[in-house]
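Open the model in your viewer and keep the selection tool at hand. The tour below goes from one selection to the next and says what is there.

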Amino acid sequence: MKDTNCGYCMGGELLSAFGIPICELSVSSLILFKEQSHPGRCIVAYKDHVSEIVNISEEERNAFFADVARAAKAIHAAFHPDKVNYGAYGDTGCHLHMHLVPKYKDEYEWGGVFAMNPGRTLLTDGQYAEMIEKIRANL
C-alpha cells in the first residue's frame, strides 16, 4: 500500500526534500536525514504506508524494531555517539517511521530534546556519500 503524497512511499523528489536513501532493510528503508546537526541522524521507515505500530502484525513489528536496532548499531559503530535518541512521530505524514538521532555530550542539544528540523547543518553531496558509506560498512 502506497500514498502518492508520501516521500517514504514514493521516493524521488518527495524524499529528496529531507532525506537520501541508504538501503533496504528487512521490512523498512534506511534513510540519511539531510539535516545533520546530529552527525549520523537517520530514519527507519516501514515498507508500507501505515500510520501506527498497531496497524502491523506482531511479526512485522518485531522485524521493524530489529531494523531499528540494526541501524542504531551501525550508527554507533560509524559515529560513536554517546547516546542515540529515538523518535516516532507522524502527525502529518502518517507513515510509520522512527528517527534515530545520535547525541554527543559536548555537542548541540545534549541533555535536551532534539529539534526536528533545526536547519543548522546541510552537507555537500560528497559528505553525504561519505556518511552513507560509513553506515553501510557497519550494517
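A residue is called buried if its relative accessible area is under 20%, and exposed if that area is over 50%. Keep in mind that this is a predicted model.

**Stop 1: strand 3**

Select strand 3, residues 42–46. How many of the residues of strand 3 are buried? The count is 5 of 5, so to speak of strand 3 as mostly covered is to follow the 20% cut-off for buried residues. Turn the view to see the two sides: Cys42, Val44 and Tyr46 point one way, while Ile43 and Ala45 point the other way, and all of them are buried.

Now add the strands that pair with strand 3. Strand 2 (28–33) pairs with strand 3 in the antiparallel sense, over 5 bridges. Strand 5 (97–103) also pairs with strand 3 in the antiparallel sense, over 4 bridges. Alanine 45 can be used as a marker for both pairings. Serine 29 stands opposite alanine 45, and in strand 5 the bridge partner of alanine 45 is histidine 97.

**Stop 2: the nonpolar cores**

Next, select Leu30, Leu32, Phe64, Leu100 and Ile135. These are the residues with the most contacts inside the largest nonpolar core, which has 29 residues. Two or more residues of this core come from each of strand 1 (19–24), strand 2, strand 3, helix 3 (58–79), strand 5 and helix 4 (125–137). Which element gives the largest share of this core? Helix 3 does, with 9 residues.

A second core is separate from this one and has 8 residues, among them Cys9, Ile31, Ile43 and Ala45. Ile43 and Ala45 were met at the first stop, where they point to one side of strand 3.

For a view of the largest core from one of its residues, centre on isoleucine 135. Beyond residues up to four places away in sequence, isoleucine 135 touches Ile22, Leu30, Leu32, Cys42, Ala74, Ala78 and Phe79.

**Stop 3: helix 4**

Select helix 4. This helix has 13 residues and reaches 18 Å from its first C-alpha to its last, close to the 18 Å expected at 1.5 Å a residue. Its buried residues are Tyr128, Met131, Ile132 and Ile135. Look down the axis of helix 4: the buried residues fall within an arc of 100°, so they line one face of the helix. On the other side of helix 4, Glu130 and Ala137 are exposed. The cover over the buried residues of helix 4 includes strand 1, strand 2, strand 3 and helix 3.

**Stop 4: histidines 97 and 99**

Go back to strand 5 and select histidine 97, which has its place there. Is histidine 97 buried or exposed? Its relative accessibility is 7%, so histidine 97 counts as buried. A polar atom of its side chain lies 2.5 Å from the backbone oxygen of histidine 95. The side chain of histidine 97 also makes a polar contact with the side chain of histidine 99, at 3.4 Å. Leaving out residues up to four places away in sequence, histidine 97 touches Tyr8, Ile43, Val44, Ala45, Phe64, Gly87, Ala88, Tyr89 and Gly90.

Move on to histidine 99, which lies in strand 5. Histidine 99 counts as buried because its relative accessibility is 4%. Not counting neighbours within four places in sequence, its contacts include Phe33, Arg41, Cys42, Ile43, Phe114 and Met116. Asn85, Tyr86, Gly87 and Tyr89 are also among the contacts of histidine 99.

**Stop 5: two loop residues**

Select serine 37, in the loop between strand 2 and strand 3. With a relative accessible area of 11%, serine 37 is buried. Its side chain makes a polar contact with the side chain of glutamate 35, at 2.7 Å. Apart from residues up to four places away in sequence, serine 37 touches Tyr108, Pro118, Arg120 and Thr121. To gauge distance, draw a line from the C-alpha of serine 37 to that of isoleucine 22: the two are 15 residues apart along the chain and separated by 18 Å.

End at histidine 80, in the loop between helix 3 and strand 4 (83–87). Histidine 80 is exposed, because its relative accessible area is 59%. Its phi is near 55°, a positive value in a residue other than glycine.

Key: Residues are numbered from 1 along each chain as its sequence is written. This is a predicted model: local features need pLDDT of at least 70, side-chain atom pairs count only at pLDDT 80 or more; totals for chains, interfaces and linings use all residues. Side-chain values use heavy atoms; hydrogens and water are left out. A nonpolar core is a set of buried Ala, Val, Leu, Ile, Met, Phe, Trp, Tyr and Cys residues joined through side-chain atoms within 4.5 Å. Buried means under 20% relative accessible area, exposed over 50%, partly exposed in between (1.4 Å probe, protein chains only). Contact means heavy atoms within 4.5 Å. Two strands pair if DSSP finds at least two bridges between them. The expected span of a helix is 1.5 Å times one less than its number of residues. The arc is that of the directions from the helix axis to the C-beta atoms. A polar contact is a pair of N or O atoms within 3.5 Å; within protein, one must be able to donate a hydrogen and the other to accept it, and residues adjacent in sequence count only if both atoms are side-chain atoms.
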